[in-house]
Every structure is written in C-alpha cells, then in structure tokens.
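Here are my notes on this model, set out as numbered points so that you can follow them with the sequence and the structure side by side. Please take the points in order and find each residue for yourself as it comes up.

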Amino acid sequence: LDERDSGLAALAVAASPFAYSFASGANTDLFVLMTTAASVLFLVRWLDTDGSVDAAASCAAAGLALGAKYTALALAVPALAVLAWTMTARAVRHGHGARALRTLAVGALLLLTLGGRQYVENLRTTGNPAYPVELSVGGRSLLPTSPYSAWLLEQLGEGSRADDRVAVSGLLHYYPTWKSATSAGPKYALLFPLALLALVGAQGFSAPRVRLLVALALVGLVVAIAPAHGLPAMQRRFWPVGLARFIAPSLLLCAVAAMTMLARVHPRAAVVCRFALGLAIAVDAYYVRALSAAPVAAAVSLAAVAALAFLTRRAGSWAPAHWLFAATGLAVSCVLVVAVTDRQHATRSWIGAASASEADDAPKTMLSGWDALYDEPPLRIALAVNDSWRGQSAFAFPLMGRRLQHTVSYVPVSGDAAPGSAAYVRLGSPDRAKWEAALDRGEIGRVVVQEPWPVEDAWMRNDAARFTPVFQDGHLRIYKVVR
C-alpha cells in the first residue's frame, strides 16, 4: 500500500462508529483491536524477514490481546498457528531446528506470561479456563458456564439464525439497537467485496500476505457468527450493538486487504472507490459527532472537485460522459448536504444530547465517586443498582481501586444468595433484614449506590446509625456499613 491508501485504510477503522463511540468506556475491545493488529503485523513482517524479534513481538502482542478479552481467541490463535506451522516448516527445510525451537520457546513464554494468567486462574477456581464462556458439543456441556450466564440464557433464550441476519445487517447502518452509532458503517458494503476480490485477485510478491489477511479476517468472522446455540449465540443475537467491536480485528484486516485491490483495478475505478470511501468516512465522522454538517458538506464538495479534476485531466475537452458524471455528482452532493443538514437538526433531540459521541456517559457521571475509593485500603464493596445497564461489570471495574485492591460484588436485594459477581440481577422480592444479613455474611464495608436510586438507598438513608454516608453527588452515593 502507498501512503494514500494506507491512510484511507487506517481512517476507515479509526473513524468507524464502533471505534469512536466506545473509546471513552471501560470496554477492552479497542485494546484487543490494536494488539491483535500488531500481532498480525509482526507475523507478516516475520514472513518476510524470518527475524526472531518479529516472531517474539507477534507472540507478545497476541498475549496482551488474549489477556484482555476472550474475543481475541478468534483471530490471535489462527495467526499464532500460522506462525508456528511456518516456522516449523522452514526449520525442517533449512535445518534451523535449534533456532526455531528457541524462538518458539521465547514466544510461548511471552504469550503465557502476558495472556495466560486469567485462563489458569479460571481453570483453578472453576474448572473452565474460558469461564464464564460455556463449551458444549451436541448439547452436552463440557466446560461449565457461570450461574448468572445460565440464568440469563434461560430468561432470554438463544434466539435464531434470523437474529443473526439482523445482527450482520446491523454492521452496515449506524443505529443497530443503540442510542449512539456503534456499527462498522456502510463503507463496509464496499470494503467487504474488495477484500474478497483480493483473496482471489492479489498478485505479485505481496499476494500470499494479502490472502493471509483475508483468510484470518474470514476465520474471525466465522468464529464470531458460527455458534448457533448457547451463551455466545444469545449474546450476539440480543446485543447486535456489540458485534462490530467484537469482530473489530477482522474488520481492520478486511480494510487493509481491500485497499490493496485498488492498485489492480482501472485508475478511474480506483478514484471512484477512493472518493466513495472518503465520503463514507466523512459521514462516519458526522454520525459519531466528530464533525458537524458543514465540514462534511465541505469535504464532499472538495472530494467531488478533486475526483472530477482527475477524471478529466487528460481530456482536451469534456465529453458527454464527463458532463453526465459532473451533473450526477452535483445532484448527489446536493442531496447529501440536505440530508446531512436535516440529520443535524434531528439529532438536536435526546439522541444527540444523550450520546454526544460516547456509548455511555457513566465515565463522566461516576468519576468523582470512583475517585473517592481509588486509594482506600482494601475493602469489600457491594453495588446497589436499580437499572440493569448501570450495574454491569464495565462500571463496577473502576471501583476496584488503583491496585485492584477492592472486592466488588452485588448482594441480591432479597438476601437469598451470597454476594456474587452477577452485578445486575435483582433476584426475588426486597427483604431488608435478609439483605443486611447478607451484607454481614459477605463482610461488606461499603455500599455504592448508582442512580436511578434503588430501594436499598432508601433503607440506608433512613438508618444513619447502621449506614454512614461517606460520599454523595447527583449520580452516586457511598455508604459505610457500621457494625
């Protein structure tokens, strides 16, 4: 790729709604995207250089990705398999067995050190290294899931392949199920076909590398969408908002491979593709609130002028086809400007006010409360929430403190179960006496209450002798449990 197409490929991913909208949250998907992409980059470099440093760097980046989130397994494992297989084949062919063994040993050590801890801990404590992801074959569970995951699956069901079609189609438009744009964007209607063409049309020295990128991307997509049963299928079908970020590494590889095809097509067709992609990126930037309507309209106009200038620069005069192209481009630009301007007015409603380029405003509204516990000595903290979304682990994680010194759990409002990690399951009918007894059994020292205020907040506010307020603002309250 030249610098122009490399920049377009990078922008296609960086300006995507799934990347921009989740950048300020606690989700690790962008970290997985960066580290998985780095692993594949070093793999491709190793294929060219055969350098041990590149191989070790690929393993280290894969370890960071695997240690951050299970979704990295879909692409990092096949990439590492290619590395190990190719290195072994080269060692056998060239007689470099000792060198290959050393490189693989160093790579494995980096991989396990950076990415293996949680898998080992899960295996030790639950018997399932990928807990709470369940592994089942033919309906028979081989590795157990968590009680909460089982409960959630029982409540929602696992859906059907029709839900998968909805989730996949949601990749291409801006609002699959959410108040802010979280998809891959409609530009992938162009990038996906170009990437598939690269799988069969790549030529020259780089062809095997391009095919590898597309093959890895396809493996990641298949692994993400293949499960028809169980918790992975249910999560994908009922939260299609998350599909784009879960397969983000595959989307990046598709973008890079697609751009390599522009050197193989007719120059004017390549210009049209670049113009369309640049326009889609500008519209992406508008939908994630990075740009307002005026800069988008200006970008469209400048791109149209540049494209027309290139297409006609070798012609002594404009042919009828050029006039037709110019008129069509002008008409489309006018329609787009009107549509975008209308959209700008429409999004001054609750959607624009609520999202404001972020998937959720919790990092802003909860920050002061999180900071109050940041450097405290180790505590057992219980969450009290009235909204299922507010109680999820992405918002509980910052409560663990600077050194992860705190233990955070949810105590069911009924008091019928011990404190656990099912952060937003409100099981049973409220029972204050049982709830307080459960706090004592769990040795809870602080209770963190998030808006909208649940019944536990009223209980604690009316019993200052038992629950002492230590922090309060408009979004979050913290009580000390007195014993």
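1. I begin with one contact between two helices in what is a predicted model. On the side of α3, the residues Val32, Leu33, Thr36, Ala37 and Val40 take part, and they meet Ala248, Pro249, Leu252 and Leu253 in α14. Sorted by class, this contact between α3 and α14 holds 8 nonpolar residues and 1 polar residue, with no charged residues.

2. How are α3 and α14 set against each other? Their axes lie 9 Å apart, and the two helices pack at an angle of about 50°. Angles under 35 degrees count as roughly parallel and those from 65 to 115 as roughly perpendicular, so α3 and α14 are described as oblique to each other. The crossing in which α3 passes α14 is right-handed.

3. It is worth checking the length of α3 for yourself. This helix runs over residues 29-49, and its 21 residues, at 1.5 Å a residue, should span 30 Å; the C-alpha atoms at its ends are 30 Å apart, and so the expected span and the model agree.

4. Which residues of α3 are buried? They are Asp29, Val32, Leu33, Thr35, Thr36, Ser39, Val40, Leu43, Val44, Trp46 and Leu47. When you look at the spacing of such a list, it helps to remember that an α-helix has 3.6 residues a turn, so residues three or four places apart point the same way. Val32, Leu33, Thr36 and Val40 also appear among the residues of α3 that meet α14.

5. Just beyond the end of α3, please look at Asp50, which takes a positive phi of about 60° although this residue is not a glycine. Asp50 is placed in the loop between α3 and α4, the latter covering residues 52-68. Its relative accessibility is 26%, and because buried means under 20% and exposed means over 50%, Asp50 counts as partly exposed.

6. A second residue of this kind is Glu443, where phi is near 55°, again a positive value in a residue other than glycine. Glu443 lies in the loop between α22 (432-441) and β5 (446-450). With a relative accessible area of 54%, Glu443 is exposed.

7. I now return to α14, which covers residues 248-260, and to its contact with α1, a helix of residues 3-14. The axes of α1 and α14 are 9 Å apart, and the packing angle is about 155°. That angle makes α1 roughly antiparallel to α14, and the crossing of the two is right-handed. In this contact Asp5, Leu8, Ala9 and Val13 of α1 meet Leu252, Ala255, Val256 and Met259 of α14, and by class there are 7 nonpolar residues, no polar ones and 1 charged residue.

8. Helix α11, which takes in residues 207-225, is another partner of α14, and the two axes come within 8 Å and cross at roughly 150°. This makes α11 roughly antiparallel to α14, while the crossing in this case is left-handed. From α11, Val210, Leu213, Val214, Leu216, Ala217, Gly220 and Leu221 meet Ser250, Leu253, Cys254, Val256, Ala257 and Thr260 in α14. The classes here come to 10 nonpolar and 3 polar residues, with no charged residues.

9. Two further residues show how places separated along the chain can be related in space. Gly474 is found in the loop between β6 (467-472) and β7 (476-481), and Gly474 is exposed, at a relative accessible area of 52%. Its C-alpha atom is separated by 8.1 Å from that of Glu451, although the two are 23 residues apart along the chain. Once neighbours within four places in sequence are set aside, Gly474 is in contact with Glu451 and Trp453. Asp371, in helix α20 (residues 367-372), is exposed with a relative accessible area of 54%, and from C-alpha to C-alpha Asp371 is 8.4 Å from Leu399, with their places 28 residues apart in sequence.

10. Finally, consider the chain as a whole. Its secondary structure comes to 23 helices and 7 strands, and buried residues make up 43% of its 483 residues. Among contacts between residues at least 6 apart in sequence, 69% join residues at least 24 apart.

Key. Residues are numbered from 1 along each chain as its sequence is written. This is a predicted model: local features need pLDDT of at least 70, side-chain atom pairs count only at pLDDT 80 or more; totals for chains, interfaces and linings use all residues. Side-chain values use heavy atoms; hydrogens and water are left out. Helices (H or I, at least four residues) and strands (E, at least two) are DSSP runs, numbered from the N terminus. The expected span of a helix is 1.5 Å times one less than its number of residues. Buried means under 20% relative accessible area, exposed over 50%, partly exposed in between (1.4 Å probe, protein chains only). Axes are lines fitted to C-alpha atoms, for helices over the stretch in contact, and angles run from 0 to 180 degrees between N-to-C directions. Angles under 35 degrees count as roughly parallel, over 145 as roughly antiparallel, 65 to 115 as roughly perpendicular and the rest as oblique. A crossing is left-handed if the near helix is turned anticlockwise from the far one by less than a right angle, and right-handed if clockwise. Contact means heavy atoms within 4.5 Å. Ala, Val, Leu, Ile, Met, Phe, Trp, Tyr, Cys and Pro count as nonpolar, Asp, Glu, Lys and Arg as charged, and the others, Gly among them, as polar.
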